[in-house]
Amino acid sequence: MVLQSSEETTVSDISPQVQFHGRWDLTGEDRYISHWCGSSLCFQTTSRSITVELGGLTVSRSNFHNVLWRFGSQSVTRTALVKGKRSMKFTALSDAAESGGGEKLRDVTIMLCDWGAKLQILDIKTTDGRAILAPAVASSPRPMLFIGDSLVSGFTPLYRGLVLPHGSYQSFGSIAVRTLRAHGLDARLEMVAYPGICLKTVDSPAVISTQAETDMDWKGDEVYWKGMEDVFWDGMIGKGGWEERSRDTPHDIFICVGTNDQGWGGDKNEFVEHYAAFLIRLRDSYPSGLQRIHVISPFGAFNDPSDPLARKPVIEPAVQHMVEQLAKSWAEANPNGTKLYHISTEGWIHKGLTCDGVHPTSEGHEVIGTKLIEYMDSLGLAGVPGIHYTGSIP
C-alpha cells in the first residue's frame, strides 16, 4: 500500500457494484463519508492494483489503527490515516504467491476500525481499467446491527496500549459477522457504538468521556452527555445519524449497553424505563424487515483481586425482567412481529480475558464471538447447522 498526497477535490460517483456496509453518507454533498467504526466497503476485481482517493474530511486519531484493508488472499493490513486528502494505492500479492494468475477474482475489503476516526472516499478505481464487481456471496443479504459502547466498538483503553490492534475488526460483533460470511452467508455489519456512551441522556455535561475530551474533532457538550437513546438517531454532533443508516434494514439488532450508566451511578429504575422506550422506538423505526432484537447483558465487572471469576453484573436481573415482559407483550399484540430476546452473558468470560476487569482482550472478544455464534445457532439464525468460530479471525 502506497500513501500519497492528492489534489483531487471532486467527489466521483463510485461504482454501484461497491457494497457499503454500515452507516455512510452516500448521497450528500460530502459523500462518501462514515463517522462510525465498523463501517466498511467491499467489492471484487481481477485487477492487481487499485487506487482509493481519500477526501479532505478524513480524520485520524494519533497512534491508532484507523483502517484495515484486505486485497485478495493477503492477510489483513493495518494502515494509519493521515488527515485530509490522500491517495492510497493497494497492490495484491504477486501471481507467484497467489494462485490463479492475473485473471483471478480478488476480494477487496476496507474497514474503518477506529472509533475516533472519520473516513471520506472520493473515488475508487483500478489502475489498469479493469472492472469493479459486486462481492460474490451465494445467500440473500443478512444485515445485522450492533449497538453499544466500548464493549461493542472494540475499544482499546489508552493506558493499556493497543490491546485490540485491529480495533472494531476484533470486536465480537465483527467476528460473528465475518464467521457467517466465511460460511457463505451474506451477513452485513452495521455498527453504532462509541466508548464511554451511556444509554440514557443526562441533563448535565458532567458525564464526560476523557477519550472524547482530548479529541478536538469530536469536542462539544453534545458528545459528552447525549446518550445512545438520542445519538442513534441524531448522530455525534449531528453527523452519522438516522439519515445515514445502512441501506439494508437489519434482520437482527444486537444491543449491549448499561456499563457506563451503572458506572456513573445512574438510577436503575430510570435506566430500565429508558431502555424499554429505546427498544420500542427501535422496533417502530423499522416497520418492515426487522425480525429480532437481542438485548445482550454487558459482561460485567471483574474487580475482585482474590477471585478472577467473581462478576459484578450490570443492572441485572432488572433488565432481563423488563425484556421478558416486553417480549411477552409484543408477542401477544403481534405474533408475527419483531421478536425480542435477552442474552445472559454470565460465565462467558472472566477477569483473565479482560485488560482491566471490564474491557475484553482480543481473546475475550473471540470467546464472546464464539458464544454469540452458538446463541445464533440455537435460534436457527446462523443458517448453517453446527456453525462455530474456529479460533482464528476470518
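A residue is termed buried if its relative accessible area is under 20%, exposed if over 50%, and partly exposed in between (1.4 Å probe, protein chains only). On this criterion, buried residues make up 55% of the 394 residues in the chain. The structure is a predicted model, in which local features need pLDDT of at least 70 and side-chain atom pairs count only at pLDDT 80 or more, whereas totals for chains, interfaces and linings use all residues. Residues are numbered from 1 along each chain as its sequence is written, and side-chain values use heavy atoms, with hydrogens and water left out.

The secondary structure comprises 9 helices and 15 strands; helices (H or I, at least four residues) and strands (E, at least two) are DSSP runs, numbered from the N terminus. With contact taken as heavy atoms within 4.5 Å, residues 24 or more positions apart account for 75% of the contacts in the chain that have a separation of 6 or more.

Two strands are considered paired if DSSP finds at least two bridges between them. An open sheet of 5 strands follows the order 2-4-9-6-7 with antiparallel pairing. Its edges are formed by strand 2 (19-21) and strand 7 (77-79), each of which has a single partner strand, so one side of each is left without a neighbour in the sheet. Neighbouring strands of this sheet are turned by 20° against each other on average, direction ignored. Within the sheet, 5 bridges connect strand 6 (residues 67-71) and strand 9 (residues 106-112) in the antiparallel sense, and Trp69 stands opposite Ile110 in strand 9.

A further open sheet of 5 strands has the order 12-11-13-14-15, and its pairing is parallel. Strand 12 (186-193) and strand 15 (339-343) are the edge strands, each pairing on one side only. From one strand to the next, the twist averages 20°. Helix 2 (residues 172-182) packs on this sheet and touches strand 11 (141-148), strand 12 and strand 14. The direction of helix 2 makes about 170° with that of strand 12, where axes are lines fitted to C-alpha atoms, for helices over the stretch in contact, and angles run from 0 to 180 degrees between N-to-C directions.

Strand 13 (residues 252-256) pairs in the parallel sense with strand 14 (residues 292-296) over 4 bridges, and 5 bridges join strand 13 to strand 11, again in parallel. Asp252 takes part in both pairings, with Arg292 as its bridge partner in strand 14 and Met144 as its partner on the side of strand 11. Strand 13 is mostly covered, as 5 of its 5 residues are buried. Asp252, Phe254 and Cys256 point one way from the strand, and Ile253 and Ile255 point the other way.

Helix 9 (residues 362-378) contains 17 residues and reaches 24 Å from its first C-alpha to its last. This is close to the 24 Å expected at 1.5 Å a residue, the expected span being 1.5 Å times one less than the number of residues. The buried residues of helix 9 are Ser362, Gly364, His365, Glu366, Ile368, Gly369, Leu372, Ile373, Tyr375 and Met376. Their cover includes strand 11, helix 1 (150-153), helix 2, strand 13, strand 14 and strand 15. Gly380, which follows helix 9, has a positive phi near 75°.

The axes of helix 7 (residues 268-285) and helix 8 (residues 318-333) come within 10 Å and cross at roughly 35°. The crossing is right-handed, the term applying if the near helix is turned clockwise from the far one by less than a right angle, and left-handed if anticlockwise. Lys268, Phe271, Val272, Tyr275, Ala276, Leu279, Ile280 and Arg283 in helix 7 meet Ala318, Val319, Met322, Val323, Leu326 and Trp330 in helix 8. The residues of this contact divide into 12 nonpolar, no polar and 2 charged; Ala, Val, Leu, Ile, Met, Phe, Trp, Tyr, Cys and Pro count as nonpolar, Asp, Glu, Lys and Arg as charged, and the others, Gly among them, as polar.

The loop between strand 14 and helix 8 contains Ile315 and Pro317. Phi of Ile315 is near 50°, a positive value in a residue other than glycine, and Ile315 is buried, with a relative accessible area of 9%. A cis peptide bond with omega of about 10° joins Glu316 and Pro317.
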